[in-house]
Amino acid sequence: MKDTTGVLILAAGKGTRMSSPRPKALQTLLGDTMLALVLEEAAKLPGLAGIWTLVGHQADLVRAEAERAAAALPEPAPQTFCIEQKQQLGTGHALMTALPEMTAHADFDRLLVLNVDVPLIPAQLLSRFLREEKESDLAFLSLSLSDPGAYGRVVRDAGGRVRAIVEAKDYDPALYGSCPNEINAGIYLIRRKTAETLLPLLSNNNRSGEYYITDLIGLAVERTLDVRATPVSSEDGGKALLGVNTPLELADAEALLRQRRVRELLEAGVVLHSPESIRVSPLARVEAGAELAGPCEISGRSLIRCGTVIESHCVIRNAVIGENCRVRSFCHIEDAAVEARCQVGPYARLRPGAVLEEDAHMGNFVEMKKARLGKGSKANHLTYLGDADIGPGVNIGAGTITCNYDGVHKHRTVIGGGSFIGSNTALVAPVELGKNTLVGAGSVITRNVEDGELAVARSRQVNLPRKK
Ligand code: UD1
Ligand code: CA
């Protein structure tokens, strides 16, 4: 067997305490789901045989997000899989369900189990845990809290050796002594053989009637295996182990993550105005020399290049904004690309598939979808460009609309370089305009226009004497 690690992300639970119809794994922090955040950090670990996500409650939704997030991982990415836990009978049952499927797919000798609802865990902490606990049979991260709340408690013997993890609701001081402040963070490294030996011994004889993964600790101790709690000190990232079970914990975790990202950006040389209202997901990258003003939200696989200024009140998701652009206030940019030196907004909307080539200008109340605005072209006012291919040096007049939808199908509009589209023009797709065309204002263009032609498609003005 190879010396590799299989990662299992437990994401099958319902998240009852969140009181939301949305599965807990899909709750978001800074615009990205807990599942995407945990997957992102896990994928950075060295020597992985694969990452498996266990889905169950609303399995289709969670699987779709796992697949979407896995496809967006930066290369080289580990293999990723989903496994379904049809009934959610507890975290121990989760592992019983997953392990045989995992071992059928890949060869690994250690299993790293992550709870999807511990979303702030950084890869550095995980990789240190993997390194330090390489030789133990079963290890888990622990943390001392002044208020240990509903977390599982770490019970140690007089000599300080770990005896068991006991869930808060099952804790009986008569059996275990006064309740300790050391808690289980929900992150485990288990030798595969140990898991295979101990899992069949789990029972659901507890307050919840569930199979607890945490009972493996007591079982391993009884068999004198090498069991270790790895304490993480608070300043060392205790906050990174926060569990998210309620809306309050989600808000706390999001606030911590936001501050962490703001600090990272400032330290990396990004200028931030009103940093207290800037929200940048861990998945998004902002280069040194970029400038952001809050409030704003930048999430998904976004990249903001050097020299670019993002003014306040912008929402940017899965979008690349090239060097030396200015995105003015109140822009909404999603699944789109803006090349170098563009001017965007205020109040512009780039929907999926929108591309602004270098030096293009897109002004107020302009919307683009699956459309390309060529190098140096301008669409400055009140315009909709959908399913359109617009060449370089084109001027799109105010109020231009590509009529791309006939009620059943979408059609394309093509406009050649150097063209000038007069204001309030409707371009009824499919339609092609050649290079250097000129369209009179107020036209409804339904037929193709050849290179260099002038097209006027409106009724001629009639001036009559005014009736008294
Ligand atoms: C769990 C631990 C607790 C620890 C805490 C840390 C157990 C029994 N307790 O408690 O010791 O302090 O995490 O945050 O493990 N899940 C499944 N399938 C199931 C049940 C749960 O995939 O059948 C998943 C959930 O989606 C969640 C994770 O397992 O991501 C943990 O479950 P949860 O119910 O949140 O456990 P806690 O009560 O928080
Ligand atoms: Ca939890």
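# Gln-85, ligand 1 and some backbone angles

Author: Welcome! Leaving out residues up to four places away in sequence, Gln-85 touches Ala-12, Leu-54, Val-55, Gly-56, Gly-90, His-93, Ala-94 and Thr-97. Please keep in mind that this is a predicted model.

Reader: Why does Gln-85 count as buried or exposed?

Author: Its relative accessibility is 3%, and the cut-off for buried is under 20%, so Gln-85 counts as buried. Gln-85 sits in the loop between strand 5 (80-84) and helix 3.

Reader: What makes the pair of Gln-85 and His-93 side chains a polar contact?

Author: The two side chains are 2.9 Å apart at that contact. A polar contact needs N or O atoms within 3.5 Å, one able to donate a hydrogen and the other to accept it, and the pair is listed as such a contact.

Reader: Which residues come nearest to ligand 1?

Author: There are 27 residues around ligand 1, and Gly-13, Gln-85, Thr-91, Glu-167 and Asn-184 come nearest. An N or O atom in the side chain of Thr-91 is 2.7 Å from an oxygen atom of ligand 1. For Asn-184 it is a backbone N or O atom, 2.6 Å from a ligand oxygen. The protein covers 89% of the 750 Å² of accessible area that ligand 1 has on its own.

Reader: Which element supplies the largest share of the shell around ligand 1?

Author: That is strand 10, with three residues. Helix 3 (91-105) and strand 10 each supply at least two residues of this shell. The space that ligand 1 takes is the largest pocket.

Reader: Why does Asp-387 count as buried or exposed?

Author: Asp-387 has 6% relative accessibility. Buried means under 20%, so Asp-387 counts as buried. It belongs to strand 28 (residues 378-390), and has a positive phi of about 50 degrees although it is not a glycine.

Reader: And what is the phi of Phe-365?

Author: Phi of Phe-365 is near 55 degrees, again a positive value in a residue other than glycine. Most residues other than glycine have a negative phi. Phe-365 lies in strand 27 (residues 361-373). At 49% relative accessibility, Phe-365 falls between the 20% and 50% cut-offs, so it counts as partly exposed.

Reader: Which residues does a cis peptide bond join, with omega about -5 degrees?

Author: Gly-294 and Pro-295. Pro-295 is in the loop between strand 15 (291-293) and strand 16 (296-299). The peptide bond from Ala-429 to Pro-430 is cis too, with omega near 5 degrees.

Terms used
Residues numbered from 1 in each chain as written. Chains lettered and ligands numbered in written order. Predicted model: local features only at pLDDT ≥ 70, side-chain atom pairs only at ≥ 80, totals over all residues. Heavy atoms only, no water. Near = heavy atom within 4 Å. Areas by Shrake-Rupley, 256 points an atom, 1.4 Å probe, with all protein chains shown as cover. 1 Å grid on protein atoms, 1.4 Å probe; cavity = no way out; pocket = protein on both sides within 12 Å on 5 of 7 lines; lining within 4 Å. Sits in = over half its atoms within 2 Å of the grid points. Helix = DSSP H or I, 4+ residues; strand = E, 2+ residues; numbered from the N terminus. Buried < 20%, exposed > 50% of the residue type's maximum accessible area, 1.4 Å probe, protein only. Contact = heavy atoms within 4.5 Å.
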